[in-house]
Amino acid sequence: MSELIAALPMYDWPEVRDEVDAQWASLRDAFRGKGIDAPETIVRRNGDLPPVPGGVHDAEGKLIAPDPATLPPDELDFHKLWLHPALLFAQTCWGPMELGLSAHVQVVGQPSYDAYEGGRGELYSSALVMRTGEGPEVRSPADGKALLPLDLIRGKRFTFNSLDSMSGIIALTRDLEAVGENLDIFSSSGESGGHRDSIVAVAEGRADVAAIDCESWALARRFEPAARKVVIVGWTARRKGLPFITAKTAPEKTVRAMREALAGLAEQPLIQRVG
């Protein structure tokens, strides 16, 4: 049994667990074909993470994460997963990467968002959603530039999934700043806990505006009834989508082999490019 761990948590909605498992099976087999001891299955719980007695330390010996055995076993703490020394492969977000995670991991590749409106290659954008009837529906701009309905969103209540989310708040913040605005354009801002939760909050009238990355929006249209009560009124600019990462301590040989394996899967929707 492999001592390494892998996870694909960012779009792992309950309704698509089988699809995510199939994605991992394809990746796993490609990695094994390159001589990598990839785990049979992905982890979905803190309880699935191997214990790290004394906690996770960086190269200088600084404690950067607790022993996973001390975490609630049936939850999954993304940040602790990303920092685990046994991490072979996972998805993360450029928000956490910019906020310090990049010092502790290596980027292996980028997925493709060609299958989603708002995506192109390794780039994705977020749909700005409001309740149906509160604004005209708009399509994603062909040039990938931001389309911000400033008059519509001014004075409204904004909800976002988490403070370190590129798609949920950071991208919108930067696009607003580019036109001389900021988050003060909203009457209030509040954290929902997830893109799906943000959609529900808007649909139920607990918030007025949310920014939802294009792949999460596609999932919501398939599986979240609340998505039928909201409409896209704007888009953030396209930016790099979720990177695939491995532990900082992963050997160069392993990283190179994973990139070669991903390149071999480049014709599949999951992968766009590596490096």
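In this predicted model, helix α6 is largely enclosed by the rest of the structure, because seven of its nine residues are buried. The buried positions in α6 are His195, Ser198, Ile199, Val200, Ala201, Val202 and Ala203. These buried residues find their packing partners in strands β7, β8, β10 and β11 and in helices α5 and α7 (214-223). The helix, which spans residues 195-203, lies across β7, β8, β10 and β11 and runs at about 150° to β10. Just after α6, the backbone at Gly205 adopts a positive phi of about 85°.

The strands beneath this helix belong to an open sheet. Five strands make up the sheet, in the order β9-β8-β10-β7-β11, and their pairing is mixed. The edge positions are taken by β9 (188-191) and β11 (230-235), each of which has a single partner strand, so one side of each is left without a neighbour in the sheet. From one strand to the next, the twist averages 30°. Strands of a sheet pair through backbone hydrogen bonds, in either a parallel or an antiparallel sense.

Strand β7 offers a good place to look at the pairing in detail. Four bridges join β7 (residues 126-131) to β10 (residues 209-213) in the antiparallel sense, and within this pairing Ser126 has Asp213 of β10 as its bridge partner. Helix α5 (residues 166-178) also packs on the sheet, where it touches β7, β8 (157-160) and β10, and its direction makes about 130° with that of β8. Strand β7 pairs with β11 as well, again in the antiparallel sense, over five bridges. Here Met130 is matched with Val231 in β11. Although β11 stands at an edge of the sheet, six of its six residues are buried, so the strand is largely enclosed by the rest of the structure.

A further set of paired strands centres on β4. Five of the five residues of β4 (residues 87-91) are buried, so this strand, too, is largely enclosed by the rest of the structure. Strand β1 (residues 5-6) runs parallel to β4 and is joined to it by two bridges, with Ala6 standing opposite Phe89. The pairing of β4 with β13 (residues 244-247) is antiparallel and also rests on two bridges. In this case Gln91 has Phe244 of β13 as its bridge partner.

Two of the residues just named reappear among the aromatic side chains: Phe89 and Phe244 form one aromatic cluster together with Trp24 and Phe31. A search of the whole structure finds nine aromatic pairs. One of them is formed by Trp24 and Phe31, in an edge-to-face arrangement with 6.0 Å centre to centre and 65° between the planes. Trp24 and Phe31 are both buried. Another pair, Tyr113 with Tyr124, is tilted, at 5.0 Å centre to centre and 45° between the planes. This pair links distant parts of the chain, with Tyr113 in the loop between β5 (105-111) and β6 (123-124) and Tyr124 in strand β6, eleven residues apart. Both tyrosines, Tyr113 and Tyr124, are buried.

Tyr124 also leads to the empty space inside the model. Rolling a probe the size of a water molecule over the atoms shows where such space is left. The structure holds one cavity of 30 Å³ or more, and the largest cavity has a volume of about 30 Å³. Its lining consists of Tyr124, Ser125, Ser126, Met166, Ser167, Ala171, Thr236, Ala237 and Arg239. Helix α5 supplies the largest share of this lining, three residues. Ser126 thus has a place in two parts of this description: Ser126 is bridged to Asp213 and lines the largest cavity.

The largest pocket has a volume of about 840 Å³. Of the 33 residues that line this pocket, those closest to its centre are Pro9, Met10, Phe78, Gly193 and Gly194. Helices α2 (78-83) and α6 each contribute at least two residues to the pocket lining. The account therefore returns to α6, the helix that is largely enclosed because seven of its nine residues are buried.

Technical notes: Residues are numbered from 1 along each chain as its sequence is written. This is a predicted model: local features need pLDDT of at least 70, side-chain atom pairs count only at pLDDT 80 or more; totals for chains, interfaces and linings use all residues. Side-chain values use heavy atoms; hydrogens and water are left out. Rings of Phe, Tyr and Trp (its six-membered ring) pair if their centres lie within 6.5 Å; planes under 30 degrees apart count as stacked, over 60 as edge-to-face and the rest as tilted. Buried means under 20% relative accessible area, exposed over 50%, partly exposed in between (1.4 Å probe, protein chains only). Two strands pair if DSSP finds at least two bridges between them. Axes are lines fitted to C-alpha atoms, for helices over the stretch in contact, and angles run from 0 to 180 degrees between N-to-C directions. Contact means heavy atoms within 4.5 Å. On a 1 Å grid over the protein atoms alone, a cavity is a set of points where a 1.4 Å probe fits but cannot get out, and a pocket is an open set with protein on both sides within 12 Å along at least five of seven lines; lining residues have an atom within 4 Å of a point. Grid points are joined across faces, edges and corners, and a volume is the space filled by probe spheres set on the points.
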